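Have the model open in a viewer with the sequence panel showing. The tour below goes from one selection to the next and says what is found at each stop.

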Amino acid sequence: MAVKKEKIGVLFASFEAVPFLKTGGLGDVAGSLPKALKHQGYDVRVVLPKVSVIPDKYKEKMNHIKDFYFPLSWRSVYCGIEEYTLKGITYYFIDNEYYFKRDGIYGYFDDGERMAYFSKAICEIIPYIPDFDCRILHCQDWHTALAPVFLRECYRGQAIYERIKSIYTVHNLKFQGQMSDYVLGDVLGLNEVPAANSQLHINRDTINFMKGALLYSDIISTVSPTYAQEIQNPFYGEHLERIFQRRWATLWGILNGIDTDFFNPEKDKAIEENFSKDDLTGKKECKKALQNEFCLEENEDIPVVIMVGRLTQQKGLDLLACVLDEMLLKPMQLIILGTGDQEYEWMLKNAEYRHPDKMRVCLNFDEKLSHRMYAGADILLMPSLFEPCGLTQMIAMRYGTLPVVRQTGGLRDSVSCYNEYTGEGTGFGFNNYNAHELLYTMQHAIDLYRDNKDVWYSLVEQAMNQDFSWNNAAKTYDEMYKEVLK
Ligand code: ADP
């Protein structure tokens, strides 16, 4: 009789995951990576907060499986576990209305306490997950950073927890969860624990959740090989570079993928007309529709340039501000979709006012519109100051839209820059964080679009031929999981 091989249990913890919650790339990753890991043979379950903004159609179908109270420093806090299975993946939603019944996901005065609660709840629910042999706890970003800390400090010696190894993945080093020192005792209840006390502090008055995760986790990873190198350097390290230098041997850099079923120009229902790399007629229709939607001149020969993303310093908006007017002297149309810092929103709205026939700015979060933009545009602009991975450029290439990027982090790892001697490339790149390098690269791309359509469409074909699915990444995650269990 064949012996049934038990699958290794992976609890994948994140504060957002599509289709339930999304503010950016983390939501995309947490919504698609677990499926790829399941294909690698792991028993992956995902834990998320039951935040009010989750659409009702999902909330209504969740099953309540358990509720109990656990201590968070002097508090006794409620924890409900709601279960929901979608496309073969089981999700556990942590229910606590005091922390999660809010109109938004992040940005509250008590985010530190909310994330501390969530991190401890992740550990608390493990024994109650049915038929699950948890061997790996895989945490994402600062929201779950305290889970590896609690795992070691609060549950040591208990058999079910002793078997668990922890992995912590940095998606964005900019957000670390820095809190006043009183949180250590008042919220985490760890001020009497000497190791936690020294590992979480960054100075006498401040603790840092992410620093805790980086020191307590068995393996740490980030979302592209180049970013894994960059963060060992003070320019990118956000004051944590020494930890990355010290832990380089257990630091993995694995390039994210995208959900290629969801981002699929051949099947996407959100776009004007479907298309494939073998027949780009539909893309031309999408471009026309986009120009019409934004009341821009409907003209195939004018390249449509888009930006989609958070309007923050990270995304290179300072560079754009310097050369925007000069850039718009070229025959082009620029459409920007995003929300973010007020200074950038105003800068862009102001530029839109100055260039009414060439520029549109949409200060919104609109998933469907973003698909119409990826499909209808010719060029995606992404001049990031730093970019741990970036998914936008991969989505753009999948829709035959060539990225113009600063070659940093995941942009360097995913976009191959046009080489005019070999004809190879899937986009255009520049190296230094310099506005004129951006300007020249953009001008070069626009000239190529105007003057040499054969080369342009050969680049489009190369871009659309890239495999940005999770297949490659999942194999490397598999190696990392094997490594941590050794
Ligand atoms: P981030 O640094 O924000 O994680 P990524 O490039 O990794 O950036 O991922 C951004 C994801 O969020 C992409 O799927 C992109 O299409 C989406 N996105 C960002 N801003 C918007 C917006 N304003 N409207 C619609 N989708 C957006």
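On a 1 Å grid over the protein atoms alone, a cavity is a set of points where a 1.4 Å probe fits but cannot get out, and a residue counts as lining if it has an atom within 4 Å of a point. The model on screen is predicted. Under this rule there are 3 cavities of 30 Å³ or more.

**Stop 1: the second largest cavity**

Select Met307, Val308, Gly309, Arg310, Leu311, Lys315, Leu381, Met382, Pro383 and Thr392; these residues line the second largest cavity. Strand 13 (304-308) and strand 16 (379-382) are the elements that give two or more residues to this lining. The space enclosed is about 80 Å³. Colour the selection by class and the lining splits into 6 nonpolar, 2 polar and 2 charged residues.

**Stop 2: the largest cavity**

Clear the selection and pick Leu280, Lys283, Lys284, Lys287, Glu300, Gly376, Ala377, Asp378, Gly400, Trp456, Tyr457 and Val460, the lining of the largest cavity. Here the elements with two or more lining residues are helix 13 (281-293) and helix 20 (453-465). The volume of the largest cavity is about 90 Å³. Its lining has 5 nonpolar, 2 polar and 5 charged residues.

**Stop 3: helix 13 against helix 16**

Keep helix 13 (281-293) and add helix 16 (367-376). What angle do the axes of helix 13 and helix 16 make where they cross? The crossing is at roughly 125°, and the axes come within 8 Å. That angle makes helix 13 oblique to helix 16. The crossing of this pair is left-handed.

For the contact, show side chains of Lys283, Cys286, Lys287, Leu290 and Glu293 in helix 13, which meet Leu369, Arg372, Met373, Tyr374, Ala375 and Gly376 in helix 16. The residues of this contact divide into 6 nonpolar, 1 polar and 4 charged. Lys283, Lys287 and Gly376 were among the residues selected at the previous stop, in the lining of the largest cavity.

**Stop 4: the largest pocket**

Helix 16 (367-376) also leads to the largest pocket: together with helix 1 (25-39) and helix 17 (392-398), each supplies at least two residues of the lining. Which of the helices gives the most to this lining? Helix 1 does, with 4 residues.

To centre the view, select Thr23, Gly24, Gly25, Leu26 and Arg310, which lie nearest the centre of the pocket among its 41 lining residues. Arg310 also appeared at the first stop, in the lining of the second largest cavity. The volume of the pocket is about 910 Å³. By class, the lining of the pocket has 16 nonpolar, 15 polar and 10 charged residues.

**Stop 5: two backbone details**

Most residues other than glycine have a negative phi, and most peptide bonds are trans. The next two selections are departures from those patterns, one for the peptide bond and one for phi.

Select valine 18 and proline 19: the peptide bond between them is cis, with omega about 5°. Proline 19 sits in the loop between strand 1 (9-13) and helix 1. Then go to serine 73, where phi is positive, near 55°. Serine 73 is in the loop between strand 3 (63-72) and strand 4 (75-86).

**Stop 6: helix 4 against helix 5**

Select residues 111-125 and 146-154, which are helix 4 and helix 5; their axes come within 8 Å and cross at roughly 55°. This makes helix 4 oblique to helix 5, and the crossing is right-handed. Ala116, Ser119, Lys120, Ile122 and Cys123 in helix 4 meet Leu146, Ala147, Phe150, Leu151 and Cys154 in helix 5. The contact has 8 nonpolar residues, 1 polar and 1 charged.

**Stop 7: helix 14 against helix 15**

Finish with residues 317-327, helix 14, and residues 342-354, helix 15; they pack at an angle of about 20°, with their axes 11 Å apart. Helix 14 is therefore roughly parallel to helix 15, and the crossing is left-handed. On helix 14 the contact is made by Leu317, Asp318, Leu320, Ala321, Leu324 and Asp325, and on helix 15 by Tyr344, Met347, Leu348, Ala351 and Arg354. This contact has 8 nonpolar, no polar and 3 charged residues.

Note on methods:
Residues are numbered from 1 along each chain as its sequence is written. This is a predicted model: local features need pLDDT of at least 70, side-chain atom pairs count only at pLDDT 80 or more; totals for chains, interfaces and linings use all residues. Side-chain values use heavy atoms; hydrogens and water are left out. Axes are lines fitted to C-alpha atoms, for helices over the stretch in contact, and angles run from 0 to 180 degrees between N-to-C directions. Angles under 35 degrees count as roughly parallel, over 145 as roughly antiparallel, 65 to 115 as roughly perpendicular and the rest as oblique. A crossing is left-handed if the near helix is turned anticlockwise from the far one by less than a right angle, and right-handed if clockwise. Contact means heavy atoms within 4.5 Å. Ala, Val, Leu, Ile, Met, Phe, Trp, Tyr, Cys and Pro count as nonpolar, Asp, Glu, Lys and Arg as charged, and the others, Gly among them, as polar. On a 1 Å grid over the protein atoms alone, a cavity is a set of points where a 1.4 Å probe fits but cannot get out, and a pocket is an open set with protein on both sides within 12 Å along at least five of seven lines; lining residues have an atom within 4 Å of a point. Grid points are joined across faces, edges and corners, and a volume is the space filled by probe spheres set on the points.
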